[in-house]
Each structure stands twice: as structure tokens, then as C-alpha cells.
Amino acid sequence: MQDVVVIGAGMAGLLAAAALARDGRTVTLLDRDLLPDVPQPRPGVPQGRQPHLLLHRGLSAVEDLLPGFRDELQAAGAVAVDTGDLAWWGPPGWAPRARQLEVLLASRPLVEHLVRRRVSALPGVRVVAAVRGAGLRRGEEGGPRWWVDTVEAGWADTPDGGPGDADGRHAWPADLVVDASGRASRLPVWLRALGLPAARVEEVDAHVGYATVRVRLPADALGAAGVVLLQQRGRGGGLALPAEGGWWTVTAVGAGALRPPRDLPGLRAYLAGLPDDALARVAAAGAVDGDVASHRQTGNRRHRYDRVRGWPDGLVAVGDALCAFDPVYGQGITVAALEAQALRAADARGDLTAPGGAARLLRECVRLGAVPWRIATGEDRALAGLPGPRSPVSALAGRWIGELTRMAAHGDTVAQAGLSRVYHLVAPPTSLFRPSLLVRGLRARLRGYGPPVPRPALLPVDEADR
Ligand SMILES: Cc1cc2nc3c(=O)[nH]c(=O)nc-3n(C[C@H](O)[C@H](O)[C@H](O)COP(=O)(O)OP(=O)(O)OC[C@H]3O[C@@H](n4cnc5c(N)ncnc54)[C@H](O)[C@@H]3O)c2cc1C
């Protein structure tokens with residue numbers, strides 16, 4: 001395999017390139033955006049102004065793909081946080097504070113900028129900006145397996161639709177094509193043009209909306225590393241997290257008809273009306289920078305390319321182009337990093353361009369995303385009031401997870417740590433059914449749950465309230 005073309009230089013595309021780069025091979029990353037030299041939001045990643053949490057498992061996977069990344073991110077100002085220091089509220093109450101897992105909090109543009117800088121310096125990698133993937137053609141016998149057609153930014157797809165002539169077009173030869181063009185992926189259309197059967201698309205959309213402002217506050221301004229208020233059916237939620245440079249993002253979320261307002265006074269009122277006014281007070285604690293950034297494309301969507309019969313060799317999809325999650329669970333980049341590790345392993349086995357290798361990789365990627373998919377779609381079905389695929393086993397599991405959350409809200413740090421390890425994808429959901437946790441649950445039922453965790457003191461004014 002000599003030529004790899006990756007369509008999309010977002011997080012999934014960059015991590016895929018990191019996994020596939022090696023001497024003697026060209027990995028070409030194509031992106032429709034002009035890619036900035038400094039960390040800043042860009043049009044091709046409209047979610048870039050929203051908070052982006054890299055789960056613990058995701059941070060480890062990126063570190064594995066790009067050794068030293070953790071130190072670089074921290075040196076660039078990312079805030080190191082133990083997730084047990086977050087003030088975390090759910091319907092049963094506040095979670096207890098205790099040591100859990102390390103994460104680094106930083107803006108999406110900074111994380112992407114540092115990853116792009118590292119990946120661009122890898123052997124054989126070239127990043128080509130301002131070209132849009134516009135089609136896919138099979139190569140001829142004896143030539144490259146694929147041709148990826150592109151159009152320069154500002155030029156239209158149709159030959160007579162550009163601003164003059166067809167000079168903006170180019171075709172890139174590839175032994176392997178990786179579609180990493182995110183939610184905007186055109187792969188379903190390209191497959192149809194190749195005469196392939198359509199892949200089933202699975203969707204669960206709770207219509208979650210985000211509205212975010214940046215507030216100038218030092219990272220240690222609060223009595224907690226960050227604040228999370230979980231949303232529930234019919235009630236909004238939100239979060240406040242620090243990032244590099246002395247800024248916090250304060251975000252309101254709401255599902256369905258509960259739309260977080262796009263104007264600052266409306267957003268402040270929305271935050272004040274949440275089950276706890278902690279986020280409203282954080283938003284008022286520092287100067288607000290810029291306007292409210294909103295985002296509404298958040299549905300869970302999975303393309304079942306892994307089920308398409310006769311899937312062509314040398315073509316895979318990763319990241320949001322394969323499976324996009326409701327982002328409130330913070331899983332997208334982590335799953336993209338796990339997929340990149342799978343790409344690297346398949347490449348090392350020589351399986352990527354072998355007959356059936358691309359289909360095997362797609363099956364592996366869907367498997368890697370299966371637990372996050374179940375978490376996100378299960379929660380979103382409840383949020384949207386949609387009937388779930390409820391077997392008696394999953395109903396029982398749901399009740400037990402509710403019980404663990406209740407135990408945690410009454411101070412059980414072991415239950416809280418177990419939930420957190422599953423959420424951060426470092427332990428399988430089955431770990432929540434280990435005998436020691438079941439015994440704790442039984443004991444709580446028999447002897448009582450203990451006092452609820454008190455509301456954390458977040459700001460000096462909270463201390464005065466006490
Ligand atoms: C509001 C919001 C908040 C989020 N928060 C989190 C979070 O906390 N944690 C987390 O892990 N994930 C989060 N995510 C998800 C995360 O953004 C994605 O899962 C992650 O970036 C992986 O995406 P990707 O690389 O597949 O797509 P993207 O990051 O969207 O990148 C796609 C790239 O492809 C390019 N592109 C698109 N079409 C073409 C084309 N035809 N030709 C060339 N280039 C093209 C785009 O310019 C872009 O650079 C959030 C998402 C949203 C919407």
C-alpha cells in the first residue's frame with residue numbers, strides 16, 4: 001500500500017493519518033477548509049466553539065498514536081483535572097467527590113491544532129487544504145485501486161458551474177481511501193454512483209441543542225474543577241468547563257422543544273431556570289467574551305457500511321462519517337482514536353488492502369463504537385420519550401444503573417467510580433455487575449442510603465451561604 005488518501009482533516013482524519021503514516025508511503029489528507037496556522041474555529045468544524053471533552057480512554061489512545069501528546073497539550077495550557085473533582089448533578093442529587101480519572105480540558109481548536117501539527121510532521125504525510133472531495137472512481141487494472149476527485153474551494157462540482165472553467169478539479173490516486181469527512185460525508189451518494197447497495201442508516205435524534213458562551217475566569221476560580229448538570233426529559237441541563245488561556249465555556253443544553261436561547265440575556269435566564277442555578281452563577285462570575293455560539297446537529301447516526309454485501313476493498317469510513325453520537329456524552333473523538341488504533345493494527349497485519357480487509361475493518365470500527373452507541377442512544381431515547389429496544393435484561397440493567405446513581409448521590413464513592421469508568425470507556429458495562437457492587441447495593445437497601453451529598457460550594461458566595 002503506497003498511496004492513502006484521507007478525505008477530511010478533522011480529528012478522525014488526522015488520527016487515521018497518524019495510524020497509517022510510515023516511510024515509503026504517501027498519506028494525503030484533503031480538507032475543504034483553509035486550515036489555520038493557529039488554534040481557531042473554522043467553518044468545516046462548526047462544533048469547534050462548543051466544549052469538547054476528551055474522555056480518559058480517548059486521551060490514552062491519542063497518546064498511544066502520538067506519544068508525548070499529553071505533555072504537549074498540557075504545555076499549551078490544557079487544564080489537568082481529576083473527573084472526581086467535577087461538581088456533577090443528576091436527578092438523584094450531587095455526585096460525591098473522590099479520586100477518579102485524569103482528563104485534560106482544552107478547546108477543540110487547540111486539540112486539533114496540536115494533533116495537526118504533529119501529524120503534518122510524520123513521514124510521508126501531506127495536508128492539502130481548500131480542496132473538497134467530490135467523488136470516488138474505481139481505478140483501472142494495473143493502476144491505482146481508486147481515484148478521489150476533488151474540487152478546489154470556491155469551485156462548483158459541475159464542470160460548467162465553476163467560476164470560469166474546470167481548472168479547480170484534481171484526481172488523487174489511492175490504494176486505500178479513508179472517508180473522515182464527518183457528518184457532512186457524501187459517501188452514501190458516491191456509493192450509489194458506484195452501483196453499490198445503500199447502507200442502512202440508524203438514527204436516534206433527541207434534537208439536543210447547545211448554546212455556549214466563553215467567560216473569563218481562572219481555571220481554579222471555582223471550588224470544583226467544572227460543573228455538569230445532567231438534562232432529563234422535559235428539563236434542560238448544561239456544563240461549565242475551563243480551557244486554556246483563562247477561559248471557561250458555559251453551555252446550556254436542551255432537547256426537543258427545549259431550545260437553549262441564542263442571545264445572552266435569554267441564555268442567562270435559561271441557566272438560572274435549571275434545577276440548580278450553579279451555571280448561571282458561573283456565567284455571571286466573569287466577563288463574557290463574544291456572542292452565544294449555538295449548535296443543533298447532534299443526532300446519533302450510524303451508517304451500517306459493515307453490513308453492505310460486496311463492500312469494495314481499499315475503502316473505509318471512520319469518525320462521524322461512520323458513526324456520529326449525540327455529543328453531550330463526549331464520545332466522538334475517543335471513538336475516532338480507537339478506530340485509528342484499529343486501522344494501525346490492521347495495517348500491521350497487512351489486512352487493510354487484502355481481499356475483504358476493508359469490510360473487516362468496518363466491522364471492527366462498528367464494534368468499537370457499540371458501547372458508546374448504546375449509552376448515547378439509550379439515554380436519548382429516554383430524553384425524547386421514544387420507545388427503546390427494551391429487553392427484560394436491558395430494563396433490569398437500566399434499573400441497576402439508576403440504583404448505582406442513587407447510591408452515589410448518597411455518598412457511595414465506589415458506585416460513582418464504577419459509573420465513571422464505564423462512562424470514560426475504560427471499563428465495560430458488565431463491570432457494574434460485579435459482586436462487590438451488588439453487595440453494596442443490597443446493604444444500602446437494607447441499612448439505608450446515608451445522607452445525600454451536600455451541594456458543593458462553587459463560588460465564594462456559596463461559602464458565605466453555609
Ligand atoms: C456540539 C458538539 C460538541 C461535541 N463535543 C464533543 C466532546 O465533548 N468530546 C468528543 O469527543 N466529541 C465531541 N463532539 C464530536 C466531535 O466533534 C467529533 O466526533 C470528532 O470531531 C470526530 O469527527 P470527525 O473528524 O469525524 O469530523 P469533524 O471533526 O467534523 O471533521 C470533518 C472534517 O472533514 C472536512 N470535510 C467535510 N467534507 C469534506 C469534503 N467533501 N472534502 C474534504 N473535506 C471535507 C471538514 O472540513 C472537517 O475538517 C462534539 C460534536 C458537537 C457537534
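**View 1. Glycine 411, just past helix α11.** Right after α11 ends, glycine 411 takes a positive phi of about 95°. Keep in mind for this and every other view that this is a predicted model. The protein chain averages a pLDDT of 93, and 95% of the residues score at least 70. One stretch to treat differently is residues 160-164, where the pLDDT is below 50; beyond near neighbours in sequence, that stretch has five contacts in the model.

**View 2. Helix α11 and what it packs against.** Helix α11 covers residues 392-409, 18 residues in total. From first C-alpha to last, α11 reaches 26 Å, close to the 26 Å expected at 1.5 Å a residue. Its buried residues are Ala397, Trp400, Glu403, Leu404, Met407, Ala408 and Ala409. An α-helix has 3.6 residues a turn, so residues three or four places apart point the same way. The buried residues of α11 pack against β5 (93-94), α12 (413-423) and α13 (435-447).

**View 3. A salt bridge from α11 to α13.** Here the side chains of glutamate 403 and arginine 445 meet in a salt bridge, 3.3 Å from N to O. The pair ties together distant parts of the chain, with glutamate 403 in helix α11 and arginine 445 in helix α13, 42 residues apart. Glutamate 403 counts as buried because its relative accessibility is 11%, under the 20% cut-off. Arginine 445 counts as exposed because its relative accessibility is 56%, over the 50% cut-off.

**View 4. Arginine 349 with aspartate 351.** The closest N and O atoms of this salt bridge are 3.9 Å apart. Arginine 349 is exposed, with a relative accessible area of 60%, while aspartate 351 is buried at 13%.

**View 5. Arginine 42 with aspartate 33, and the network around them.** These two form a salt bridge, with their closest N and O atoms 2.9 Å apart. Both arginine 42 and aspartate 33 are buried. Zoom out a little and you'll find a network of salt bridges linking Asp31, Asp33, Arg42, Arg108, Glu112 and Arg116. For the model as a whole, the count comes to 27 salt bridges.

**View 6. Aspartate 179, buried without a salt bridge.** Aspartate 179 sits in strand β11 (residues 176-179). This residue is buried yet has no salt bridge; the nearest side chain of opposite charge, arginine 186, is 9.7 Å away. What the aspartate 179 side chain does have is a polar contact with the side chain of serine 181, at 2.6 Å. Leaving aside neighbours within four places in sequence, aspartate 179 is in contact with Ile7, Ser185, Leu187, Val316, Ala317, Val318 and Ala321.

Conventions
Residues numbered from 1 in each chain as written. Predicted model: local features only at pLDDT ≥ 70, side-chain atom pairs only at ≥ 80, totals over all residues. Heavy atoms only, no water. pLDDT = per-residue confidence, 0-100. Contact = heavy atoms within 4.5 Å. Helix = DSSP H or I, 4+ residues; strand = E, 2+ residues; numbered from the N terminus. Expected span 1.5 Å × (residues − 1). Buried < 20%, exposed > 50% of the residue type's maximum accessible area, 1.4 Å probe, protein only. Lys, Arg positive; Asp, Glu negative; His and termini not counted. Salt bridge = Lys/Arg side-chain N within 4 Å of Asp/Glu carboxyl O. Polar contact = N/O pair within 3.5 Å; in protein donor to acceptor, adjacent residues only side chain to side chain.
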